[in-house]
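User: I am a first-year student and would like a close look at a single part of this protein. Please walk me through that part step by step, in plain words.

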Amino acid sequence: MKRLLTLTLAAAALAFATASASAETMKLTIATEGAYAPFNYVADDGSLQGFDVDIAKALCEKIKAECTIVKQDWDGMIPALLAKKFDAIVASMSITEERKQKIDFTGKYYNTPAVLVARKDSKIKIGTDGHVDPASLKGLKIGVQRATIHENFARANFPGAEIVVYDTADNANLDLMSGRLDARMDDILALQEGILKQEGGGDYAIMGKGWTGGLLGDGAGIGVRKEDSKLRDALSQAILDIRADGTYKKINDKYFNFDVYGD
């Protein structure tokens with residue numbers, strides 16, 4: 001009887017410990033767009049894939065969280081986060097002062113320039129500083145994705161151009177390659193993947209030097225609600241940790257031939 005009681009108590013203690021450990025596992029829902037290759041996209045099997053997705057998975061593993069990654073349209077991303085439909089945004093969202101008024105960000109997890117892409121025979125001119133001459137854009141149609149840093153930058157810096165907004169980068173890319181736009185502004189890697197590497201992409205080129213900073217922000221970070229400072233800090237540290245242990249490089253090299261983390 002005494003042995004039976006001892007075994008029963010031991011089993012109960014083990015069950016309690018297991019339940020406690022399970023209760024302590026952080027469960028997170030992370031949103032990405034699924035329409036911004038190579039950073040995030042929907043694969044043929046319906047799964048979410050891309051650099052953002054792989055980074056999110058690596059960070060979840062590092063902070064020992066059980067994560068679910070969901071698809072969210074870009075222009076509803078911040079409202080849905082604030083409505084607590086998910087816990088974090090990993091969707092190539094640039095860290096800007098405007099967005100920081102509504103949500104918090106981790107440190108950056110990559111930082112690449114914005115560029116203009118147009119046909120190689122375009123009349124767009126390059127200035128002495130290596131950047132596109134804004135005067136040469138007068139009357140041209142430049143496609144951007146709605147509610148992005150690229151829309152804000154184009155409106156502020158290309159006043160003579162017609163800025164045409166799209167719900168997704170893919171739709172803007174299609175219109176450029178079908179002749180309904182004169183140029184596209186976006187992240188250099190997104191345009192390389194979405195235009196230059198596509199069939200017929202050899203007819204297009206990056207126009208001059210790219211831009212960083214200012215309206216374009218301080219790199220892409222993970223967005224969280226302002227009250228979730230512990231999650232923000234844990235993810236910020238996890239970004240540094242995967243940089244240090246080689247995980248970041250492995251993910252980076254899967255998609256890119258240079259370090260996209262930036263300076």
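Analyst: Two residues are in contact when they have heavy atoms within 4.5 Å of each other. Please keep in mind that this is a predicted model. Let us look at helix 5 and its surroundings.

First, the setting. The protein chain has 263 residues, and 45% of them are buried. Its secondary structure comprises 9 helices and 13 strands. Along the principal axes, the C-alpha atoms fill a box of roughly 95 × 35 × 30 Å. If you take the contacts between residues at least 6 apart in sequence, 66% of them join residues at least 24 apart. We will meet a pair with exactly that separation of 24 below.

Now find helix 5, which covers residues 149–157. The loop that leads into helix 5 comes from strand 9 (141–145), and A147 sits in that loop. A147 has a phi near 60°, a positive value in a residue other than glycine. That deserves a second look because most residues other than glycine have a negative phi. Is A147 buried or exposed, or does it fall in between? Its relative accessible area is 42%, so A147 counts as partly exposed.

A147 also brings us to the largest pocket. This pocket holds about 260 Å³ of space. Its lining has 13 residues, and A147 is one of those nearest the centre, along with I78, E98, R99 and K102. Helix 5 supplies at least two residues of this lining, and so do helix 3 (77–82) and helix 4 (97–100). Which helix gives the most to the lining of the pocket? That is helix 3, with 3 residues.

Helix 5 has a part in a second space too. A search of the whole structure finds 1 cavity of 30 Å³ or more, and the volume of the largest cavity is about 260 Å³. There are 26 residues in the cavity lining, and Y36, S92, S94, I149 and H150 lie nearest the centre. Helix 5, strand 6 (88–94) and strand 11 (183–187) each contribute at least two lining residues. Strand 6 gives the most here, with 4 residues.

Pause at S92, which is found in strand 6. Like A147, this residue is not a glycine and has a positive phi, near 55° for S92. The surroundings of S92 are well covered by protein: its relative accessible area is 9%, so S92 is buried.

Let us move on to the other end of helix 5. The loop that follows helix 5 runs to strand 10 (162–166), and F158 has its place there. F158 is buried, because its relative accessibility is 3% and the cut-off for buried is under 20%. What does F158 touch, apart from residues up to four places away in sequence? The list is L116, P134, L137, I142, F153, M185 and W211. Take P134 from that list: the two residues are 24 apart in sequence, yet their C-alpha atoms are 5.5 Å apart in space.

A161 is found in the loop between helix 5 and strand 10 as well. With a relative accessible area of 13%, A161 is buried because that value is also under 20%. Setting aside neighbours within four places in sequence, A161 is in contact with L137, K138, G139, L140 and I142. You have already met L137 and I142 as partners of F158. By way of contrast, A161 and G208 are 47 residues apart in sequence, and their C-alpha atoms lie 17 Å apart in space.

To draw the picture together: helix 5 helps to line the largest pocket and the largest cavity. Before helix 5 comes a loop that holds the partly exposed A147. After helix 5 comes a loop with the buried residues F158 and A161.

Conventions. Residues are numbered from 1 along each chain as its sequence is written. This is a predicted model: local features need pLDDT of at least 70, side-chain atom pairs count only at pLDDT 80 or more; totals for chains, interfaces and linings use all residues. Side-chain values use heavy atoms; hydrogens and water are left out. Buried means under 20% relative accessible area, exposed over 50%, partly exposed in between (1.4 Å probe, protein chains only). On a 1 Å grid over the protein atoms alone, a cavity is a set of points where a 1.4 Å probe fits but cannot get out, and a pocket is an open set with protein on both sides within 12 Å along at least five of seven lines; lining residues have an atom within 4 Å of a point. Grid points are joined across faces, edges and corners, and a volume is the space filled by probe spheres set on the points.
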